[in-house]
Amino acid sequence: MAKYGEGDKRWIVEERADGTNVHNWHWAETNCLEWSRNLLSNLLSNLTILDGEGNLFIKTKNVEKVDGEAYVNIRKGKIIPGYEISVSLSWEGEAKDADGKSLLKVDGNVEIPYIADENADEDPEVRITVKDDDPIGKRLRDAFLSKGKPIILEKVRVYVQSMAKGGPAKDDLELKKAATKSPSPAPVSAPAAAAAVAAPAKKDKNKEGKKGFKSISLTERFNCRAKVMYEILMDENRWKGFTQSNAKISKEVGGQFSLFDGSITGTNQELQEGKLIVQKWRFGSWADGIFSTVRLAFDEPETGVTIVRLTQTDVPEEDRYGNATVIENTERGWRELIFYKIRAVFGFGL
């Protein structure tokens, strides 16, 4: 990602003497790092995580640092955000006994090492540490991980959505659009009117509506029995093992599942042991109500060799924030975070 201020000069032009970038034709670049610091501080500071549940009290304190780069480019009215940042914030916790007497007070840190536009449709990694790691300190940390991590991720999604909408450049863009609108139609000369009639109407791409859906198809080979592969994909404990993230998986038709710390959720539609898995499947960053259909068919052409054929239909081209990397990231996730990890962890051939 190019750094702020280092854009290609063929696209980023010098300002006009009258300060006008006509129709936003050229790149208008806005540095958003300080704005990002302020927004994330407002979103993440002084959040109550637990207020007495289980005699635990946890809240975030302050955002200590936001490092990296963040900017928004606008060209012809199209918003193109770019950011790669890391975030660090502090938290405090206290455990009390049944009588309200304090047992231990601790301080800790939350690290979000990588929030980037290229991964806008995925929840970032969140690391939670505590300075006092005795049993009570670990209990407070685990409570933060369970109850606080979803809250932190929700706030990060607000930031990602705000950047997709233009960040600090949004208001300036709206003002420029308003300024170019005439309150009443100006008189049109006869030649101009004739030219307007002759010219073909141009579509406004911003008004054409939401983009469509696509499908993903993958075929993968594993050195194992089909039944074993099926069991791995339907076993939450094995999912936790090869993904190093939380998972909850029902083994019943109609049952629900949650993968990668809740980033992916869905429902089992059809299950045939060792042969077929069909699921309704979605990312949390997709628009509400949108589910793709995942079909995993298992074939064992010879003993100890399994072919998995994945078909995923109705995958949206864009997420709820307008990021158009959903297809690419979903396919890469299947290859690198699921199939590759299964081979590596269980020894089914790389």
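**Figure 1. Strands β12 and β13 are joined by eight bridges and run antiparallel.** The view comes from a predicted model. One bridge pairs Ala297 with Arg309 in β13. The two strands, β12 (292-302) and β13 (305-316), form a hairpin with two residues between them. Gly304, in the turn, has a positive phi of about 90°. Thr303 also sits in the loop between β12 and β13. The relative accessibility of Thr303 is 66%, so this residue counts as exposed. Along the chain Thr303 is 80 residues from Asn223, yet the C-alpha atoms of the two are separated by 9.1 Å.

**Figure 2. Strand β13 also pairs with β7.** Strand β7 covers residues 213-222, and its pairing with β13 is antiparallel, over nine bridges. Lys214 stands opposite Val315 of β13. Next to Val315 in the sequence is Asp314, which is also located in strand β13. Asp314 has a positive phi of about 60° although it is not a glycine. For comparison, most residues other than glycine have a negative phi. With a relative accessible area of 39%, Asp314 is partly exposed, since the partly exposed class lies between 20% and 50%.

**Figure 3. Seven strands form an open sheet.** The order of the strands is β7-β13-β12-β11-β10-β9-β8, with antiparallel pairing. β7 and β8 stand at the edges with a single partner strand each, so one side of each has no neighbour in the sheet. Helix α5 packs on this sheet and touches β7, β8, β10, β11 (276-283), β12 and β13. The direction of α5 makes about 155° with that of β12. Within the sheet, β9 and strand β10 (residues 264-272) are paired in the antiparallel sense over four bridges. Leu259 has Ile264 in β10 as its bridge partner.

**Figure 4. Helices α5 and α6 cross at roughly 85°.** Their axes come within 6 Å. The crossing angle makes α5 roughly perpendicular to α6, because angles of 65 to 115 degrees are placed in that class. On the α5 side, the residues that meet α6 are Val228, Glu231, Ile232 and Leu233. Their counterparts in α6 are Arg238, Trp239 and Phe242.

**Figure 5. Helix α6 (residues 236-243) has buried residues at Trp239, Phe242 and Thr243.** Seen down the axis of α6, these buried residues fall within an arc of 90°, so they line one face of the helix. An α-helix has 3.6 residues a turn, so residues three or four places apart point the same way. The buried residues of α6 pack against two helices, α5 (226-233) and α7 (326-346), and against the strands β8 (248-249) and β9 (256-259). The N-terminal end of α6 is capped by Asp235, with a side-chain oxygen 2.9 Å from the backbone nitrogen of Asn237. Just after the helix, Gln244 takes a positive phi of about 55°.

**Figure 6. Thr243 of helix α6 makes polar contacts with Trp239 and Ser245.** Thr243 has a relative accessible area of 13% and is therefore buried. The Thr243 side chain reaches the backbone oxygen of Trp239 at 2.5 Å. A second polar contact, of 2.8 Å, links the side chains of Thr243 and Ser245. Leaving aside residues up to four places away in sequence, Thr243 touches Phe260 and Leu337.

**Figure 7. Asn46 lies in the loop between α1 (33-44) and β2 (48-51).** Asn46 is not a glycine, but has a positive phi of about 55°. Its relative accessible area is 54%, so Asn46 is exposed.

**Figure 8. The protein chain has seven helices and 13 strands.** The chain has 350 residues, of which 38% count as buried. Among its contacts with a separation of 6 or more, 57% are between residues 24 or more positions apart.

How values were computed
Residues numbered from 1 in each chain as written. Predicted model: local features only at pLDDT ≥ 70, side-chain atom pairs only at ≥ 80, totals over all residues. Heavy atoms only, no water. Buried < 20%, exposed > 50% of the residue type's maximum accessible area, 1.4 Å probe, protein only. Arc of directions from axis to C-beta. Contact = heavy atoms within 4.5 Å. Polar contact = N/O pair within 3.5 Å; in protein donor to acceptor, adjacent residues only side chain to side chain. Pairing = 2+ DSSP bridges. Axes fitted to C-alpha atoms, helices over the stretch in contact; angles between N-to-C directions. Parallel < 35°, antiparallel > 145°, perpendicular 65-115°, else oblique.
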